[in-house]
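Biologist: Could you walk me through this one while I have it open?

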Amino acid sequence: VRRFRNAPEALLALDQVTPDLLCTDYRMPAMDGIELIQAFRALPNCRQVPVCMITSIDDRSVRIEALKAGATDFLVKPVDALEVQVRITNLLTLREQQVMLMDRAKFLEGRVVKKGIEVQKRSKDGYMVLARLAEKRDNETGQHLVRMAKYSRIVAENLSMVEGECRLIENAAPLHDVGKLVIPEAVLLKPGKHTPEEWEVMKSHCMEGYDLLRYVSEDWEEMQLGAVIAKSHHEKWNGSGYPEGLRGKEIPKAARIIAVGDCFDALTSERPYKKAWSFQVAEDYIRSERKKHFDPECVDAFFADRRKILEIHDRYADERIHSKTSQTA
């Protein structure tokens, strides 16, 4: 139990410690009891602490004002010692229950946050499995999906998109080719040039991916954005792309963003049928396609941070070709 000579002294101490109960008189120097209760309730750590006013003033208006200010109980002097003991015990019991409930709430909040992180991780694992299945069918190797997703994030960041949007684009980008899961292997893996009919089948992977992803879950943001990306990632700025021949900013922004990173990674990665291009040659090519294939703002945003591009390329390099690609950087 701590006693104070006046209300300001008590408030100064209460700013540093949270009591289990505050007992106050009404008439006091410097500040009366109601003013003390109001100031006490304004302290963030004291909003739920029980307050008992004990005063010789048997005035209903004072009692009402005290209760309005935040008093939990009100006693009029002279008081019965046993009654005071019972009421104080009840108020302390109330405080004990409050603390227990707050501790329980914090515990449950922590569990919810932890569970949310676990669900988010499982969700990401789920759509990455889907993306990698499509990647494996198309003879893609190594860390292509990781690199192109992180390249896409670079573009989003340099376009000054907010963190949530950047993260969403990075997570959804690997889903761009999931439609290839339904393309017949004879067409998908054909080593030579496709016939016009086969090429139409190949191009259908955009709409197939869109149809596959948009029905997964309306509340799953990554899947919904992934559907948009899957549908439009082969559109071109000048309108010569597919499947809808969209032009300029008719093309969804996320699709315009990932098109740059996906192409850059394809050019700078070694494949069984080609050598990796050097960074400079790949950059020159992509810049030459500004306003033709690619959104010029996305191209400029991507190459605005060459250091990050190099870091991602080296950090997530395919092991079997690491030494070769490093030399071309």
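Modeller: We can go through some aromatic contacts and then a loop residue. This is a predicted model, where local features need pLDDT of at least 70, side-chain atom pairs count only at pLDDT 80 or more, and totals for chains, interfaces and linings use all residues. Residues are numbered from 1 along each chain as its sequence is written, and side-chain values use heavy atoms, with hydrogens and water left out.

Biologist: How many aromatic pairs are there in the whole structure?

Modeller: The search finds 8, where rings of Phe, Tyr and Trp (its six-membered ring) pair if their centres lie within 6.5 Å, and planes under 30 degrees apart count as stacked, over 60 as edge-to-face and the rest as tilted. One of them joins tryptophan 199 and tyrosine 242 edge-to-face, at 6.0 Å centre to centre with 80° between the planes.

Biologist: And are those two, tryptophan 199 and tyrosine 242, buried or exposed?

Modeller: Tyrosine 242 is buried at 16% relative accessible area, whereas tryptophan 199 counts as partly exposed at 37%; buried means under 20%, exposed over 50%, and partly exposed in between, with a 1.4 Å probe and protein chains only.

Biologist: What sits over the ring of tyrosine 242?

Modeller: The charged end of lysine 203 does, 5.5 Å from the ring centre, the criterion being NZ of Lys or CZ of Arg within 6 Å of the centre and within 35 degrees of the ring normal.

Biologist: Switching topic, how exposed is proline 184?

Modeller: Proline 184 is partly exposed, at 43% relative accessibility, and its C-alpha atom is separated by 8.6 Å from that of valine 201, 17 residues apart along the chain.
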